[in-house]
Amino acid sequence: MRWRDRRQSSNVEDRRGSSGRKIAVGGGLGTLVVAILYLLLGGNLGDNAPDLQLSPQVDIPAESRPLTAEEQDAGKFVAVVLADTEDVWNMLFEKQGKSYQEPKLVLFTDLTTSGCGAARSASGPFYCPEDRTVYIDLGFFAEIQERLNAPGDFAMAYVIAHEVGHHVQNQLGIMERVMSQRDRISERDFSQVMVRLELQADFLAGVWAHRAQRMQNFLEEGDIEEGINAAGAVGDDRIQRMTQGYVVPDAFTHGTSEQRIRWFLKGLRSGDLSEGDTFSTNDL
Ligand SMILES: [Zn+2]
């Protein structure tokens with residue numbers, strides 16, 4: 001993927017290497033979203049649930065160090081991808097007569113505070129609707145590259161575009177509509193709706209790639225395969241097999257690998273937002 005010497009977003013807040021401090025953390029609706037997004041990598045709320053019982057204060061280990069050249073490079077890459085998402089979503093919102101509020105993106109190491117409570121690297125990248133911010137510990141990318149065998153820079157871009165997809169859903173009121181059903185339908189039905197929300201974020205990542213390619217011509221040989229590989233690597237069935245040795249369909253929150261790839265490709269091929277209604281389709 002061609003990304004060097006291109007515009008970097010000014011919406012990145014880099015907290016890596018910053019010194020430790022006590023932080024207050026909160027709960028609420030955002031905590032649920034975090035809980036669900038925890039499943040992206042954790043796959044098993046049983047393991048992570050205790051972490052979500054947030055204490056009012058969290059100690060961040062004191063640390064202050066300069067970033068390595070490699071870390072600085074990774075930060076620039078993230079800022080270029082975020083800038084690409086801004087260009088695409090500003091344009092697509094404008095076409096619909098709407099204005100796009102660009103999200104923030106926080107890079108952190110190990111632990112940080114968010115509008116949705118404490119963010120840990122174990123949670124994987126997530127979007128917090130409360131403060132409209134994407135949180136990423138770049139250690140996650142090292143993990144998907146090694147543990148899930150999904151290498152490549154476009155794989156990283158896909159994950160960022162998926163999280164920005166959640167922001168787009170938030171901006172369009174889709175996330176609020178979904179969350180308002182939480183107390184009205186069974187847990188099982190709600191987790192099915194969450195799968196639809198996740199698959200739509202994959203579709204939106206595909207739309208982004210289609211549009212960004214037209215604007216920037218940034219894709220290189222093998223990039224799409226990397227994205228597909230990443231979409232497949234973070235499917236719930238794959239993660240659950242890795243963590244538990246078997247698949248529990250009721251606990252799915254992101255969709256199977258096959259579903260995630262299919263919706264990503266649908267967005268990638270068409271670039272057409274009207275094809276992304278994962279909520280009313282019978283063919284998920
Ligand atoms: Zn997601």
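**Entry 1: helix α10**

I began with α10, which has 14 residues and runs 20 Å from its first C-alpha to its last, close to the 20 Å expected at 1.5 Å a residue. The expected span of a helix is 1.5 Å times one less than its number of residues. I took helices (H or I, at least four residues) and strands (E, at least two) as DSSP runs, numbered from the N terminus. The model is predicted: local features need pLDDT of at least 70 and side-chain atom pairs count only at pLDDT 80 or more, while totals for chains, interfaces and linings use all residues. Residues are numbered from 1 along each chain as its sequence is written, and side-chain values use heavy atoms, with hydrogens and water left out.

I then listed the buried residues of α10: Ser257, Gln259, Arg260, Trp263, Phe264, Leu265, Gly267 and Leu268. Buried means under 20% relative accessible area, exposed over 50%, and partly exposed in between (1.4 Å probe, protein chains only). After α10 I found Gly271, with a positive phi near 60°.

**Entry 2: α8 against α10**

I looked up how α8 meets α10 (residues 257-270): the two pack at an angle of about 145°, and their axes are 8 Å apart. From α8 the contact uses Ile224, Gly227, Ile228, Ala231 and Gly232, and from α10 it uses Ser257, Arg260, Ile261, Phe264, Leu265 and Leu268. Contact means heavy atoms within 4.5 Å. Axes are lines fitted to C-alpha atoms, for helices over the stretch in contact, and angles run from 0 to 180 degrees between N-to-C directions.

The crossing of α8 past α10 is right-handed. A crossing is left-handed if the near helix is turned anticlockwise from the far one by less than a right angle, and right-handed if clockwise.

**Entry 3: the zinc ion**

Which residues are the protein donors of the zinc ion? I found His162 (NE2), His166 (NE2) and Glu198 (OE), at 2.0 to 2.1 Å from the ion. Donors are N, O and S atoms within 2.8 Å of the metal (3.2 Å for Na, K and Ca); water is not among the atoms, so sites may look incomplete. Along the sequence the donor residues follow the spacing H-x3-H-x31-E.

His162 and His166 both sit in helix α5 (residues 153-171), four residues apart, which is about one turn of the helix. I noted both His162 and His166 as buried.

**Entry 4: α5 against α7**

Next I checked α5 and α7, whose axes come within 7 Å and cross at roughly 115°. α5 passes α7 in a right-handed crossing. On the α5 side the residues that meet α7 include His162, His166 and Val168. On the α7 side they include Glu198, Leu204 and Trp208. The zinc donors His162, His166 and Glu198 are thus among the residues where these helices meet.

I followed Val168 further, as a residue of helix α5. Val168 has a relative accessible area of 1%, so I put it down as buried. Val168 is 36 residues from Leu204 in sequence, and their C-alpha atoms are 8.3 Å apart in space. Apart from neighbours within four places in sequence, Val168 is in contact with Trp89, Phe93, Tyr100 and Leu204.

**Entry 5: α3 and Thr85**

How does the span of α3 compare with the one expected at 1.5 Å a residue? Its 27 residues should span 39 Å, and the end C-alpha atoms are 40 Å apart, which agrees. Just after α3 I noted Gly97, with a positive phi of about 75°.

Is Thr85 buried or exposed? Thr85 is in helix α3 (residues 69-95) and counts as buried because its relative accessibility is 0%. Leaving aside neighbours within four places in sequence, Thr85 is in contact with Val164 and Trp208.

**Entry 6: positive phi outside glycine**

I looked up two residues other than glycine with positive phi. Asp5, in the segment before β1 (12-14), has phi near 60°. At 83% relative accessibility Asp5 counts as exposed.

Asn217 has phi near 45° and lies in the loop between α7 (187-216) and α8 (223-233). Its relative accessibility is 48%, so Asn217 counts as partly exposed.

**Entry 7: the chain as a whole**

Last, I took the totals. The chain has 10 helices and eight strands. Of its 284 residues, 53% count as buried. Among contacts between residues at least 6 apart in sequence, 76% join residues at least 24 apart.
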